[in-house]
Amino acid sequence: MTHPARSFEFERVLDGEELAVVRAALDGYPGYDMIVSQPVAEGFGAGFLNRHDVVSHYLRTGGISGRPVNLRELADRTNFFRGTFAYGERVEVSGVEPYLYSARLREAAARLYGLPVVEPAMVFVNLMLPGQELGVHADVPEFCGLSRDEAPEWLMVVMHHSGLFERERVPIATAVSWFGDASGGAFFYWPDGPRADPREIPTHDNHCVVLDTDSVFHAVAPVKWRYESERPLLEIGVRVVWSAEEQRWIVTHNQRELMRLTRADVRVSLSWKARCFETEAQRDQVMGARARGEGLTLDEALTRLRLDLHQRGRLSSPDPGGDPRELIMALLETYLEFPNSLSD
Ligand SMILES: [Fe+2]
């Protein structure tokens, strides 16, 4: 059997009328809101950020650019803006359909895993302003029975990278594409593993890459100003909207305008995700597992991980009564191998 390709790139993801429809939907969106990483409120890992793995690595390394980070700038540099255009069965924004149901993307997803049943699950639109970037990370995976509603996001990532949950994992294909030609903001990814060199894709209009972002680490380099000038430090609650009249992105906070940006200043990317299955029967079995009380639970996952860590000599006891902090540190340090070139 030949090894499946680790990524597919398209020079053009949409054509003609379909491209125009998606562009109009991007411009017409009523307001892209800032994404904020929240701490886990209760249960296992309470008090740690949902993406503790990403934030702590970013603070240590400064991301792709290696620019030193201080806490004051952290939110400004990494809290990008998002619009949810499709989620689950729901199309939230009319006009996203040509992208959500793209035959080109579905075909690439099927080839990525060698799994023919491809179910598009979501489309997010991400906006990044000049100076913003995305730290090195892997995306949050899914498991039969267990979702990010029941487990911290960093733990889901650790579970997948431990290799102990292959049986329960739902393979997800991700397509990343860009609309507009922002300066900087290149996409870096490590398809040959964290010890190999990354590949780099500059931001190109209507260009696309399909890959397994749950397994492959990736990051975004800082977006540059096309025309150099100062911009205010962004606070939580900032919103971005396209003004057709002004032909500018308008950035506001509590309805107060902070700045205007040209198309070329703002990086616009679409993230498409699809679950992939061998058969329709398998899809129905996996997707209905939680409702039937089947599949993996958080307790089972932690039991499996504790046992493995104990066998590796990384945890003093496999019993559930141990120190949760010792367990959390062992999980983060044992299973996540960030790319070498960027680790400290
Ligand atoms: Fe990602």
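Does Gln255 count as buried or exposed, and how many C-beta neighbours does Gln255 have inside 10 Å? With 6 such neighbours, Gln255 counts as exposed, where exposed means that 12 or fewer other C-beta atoms lie within 10 Å of a residue's own, buried means 20 or more, partly exposed is the range in between, and the C-beta atoms are placed from the backbone. Select Gln255 in the loop between β15 and β16 (256-261), and look at its backbone: phi is near 70°, a positive value in a residue other than glycine. Most residues other than glycine have a negative phi.

Before moving on, note that this is a predicted model, in which local features need pLDDT of at least 70 and side-chain atom pairs count only at pLDDT 80 or more, while totals for chains, interfaces and linings use all residues. Residues are numbered from 1 along each chain as its sequence is written.

**The whole chain**

Zoom out and colour by secondary structure: the protein chain has nine helices and 17 strands, taken as DSSP runs numbered from the N terminus, with at least four residues of H or I for a helix and at least two of E for a strand. The radius of gyration of the protein chain is 20 Å, close to the 20 Å that the globule rule gives for 344 residues, so the chain is as compact as a globular protein of that length; the radius is taken over C-alpha atoms, and the rule is 2.2 Å times the number of residues to the power 0.38. Along its principal axes the C-alpha trace spans about 60 × 45 × 40 Å, and buried residues make up 40% of the 344 residues.

**Strands β14 and β15**

Go next to strand β14 (residues 238-243), along which Val238, Val240 and Trp242 point to one face and are buried, while Arg239, Val241 and Ser243 point to the other and are not. In a regular strand the side chains alternate between the two faces of the sheet. β14 pairs with strand β15 (residues 248-253) in the antiparallel sense over six bridges, pairing being counted when DSSP finds at least two bridges between two strands. Within this pair, the bridge partner of Val238 is His253 in β15. The two strands form a hairpin with four residues between them, and Gln247 in the turn has a positive phi of about 55°. Strand β2 (residues 32-34) also pairs with β14, in the antiparallel sense over two bridges, and there Asp33 stands opposite Arg239.

**Strand β12 and helix α5**

Now select strand β12 (residues 207-211), which is mostly covered, with four of its five residues buried. Strand β1 (residues 7-10) pairs with β12 in the antiparallel sense over four bridges, and Phe8 stands opposite Val210. Strand β9 (residues 172-178) pairs with β12 in the antiparallel sense over five bridges, with Leu211 as the bridge partner of Thr174. Just ahead of β12, in the loop between β11 and β12, is Asn206, which has a positive phi of about 65° although it is not a glycine.

Add helix α5 (residues 103-113), where Leu105, Arg106, Ala108, Ala109 and Leu112 are buried. Seen down the axis of α5, these buried residues fall within an arc of 165°, so they line one face of the helix; the arc is that of the directions from the helix axis to the C-beta atoms. They pack against β1, β5 (117-128), β9, β12 and β17 (267-277), where a contact means that two C-beta atoms, placed from the backbone, lie within 7 Å. α5 is followed by Gly114, whose phi is positive, near 65°.

**The nonpolar core**

Show the largest nonpolar core, which has 84 residues, with Val96, Tyr99, Ala109, Val123, Leu127 and Val210 having the most contacts inside it. Such a core is a set of buried Ala, Val, Leu, Ile, Met, Phe, Trp, Tyr and Cys residues joined through C-beta atoms within 7 Å. Centre the view on Leu127: leaving aside its neighbours within four places in sequence, Leu127 is in contact with Tyr32, Phe80, Phe81, Val240, Val266, Arg267 and Val268.

**An open sheet**

Finish with the four strands that form an open, antiparallel sheet in the order β6-β13-β10-β11. β6 (134-137) and β11 (199-201) stand at the edges, each with a single partner strand, so one side of each is left without a neighbour in the sheet. Strand β10 (residues 187-189) pairs with β11 over three bridges, and the bridge partner of Phe187 is Ile201.
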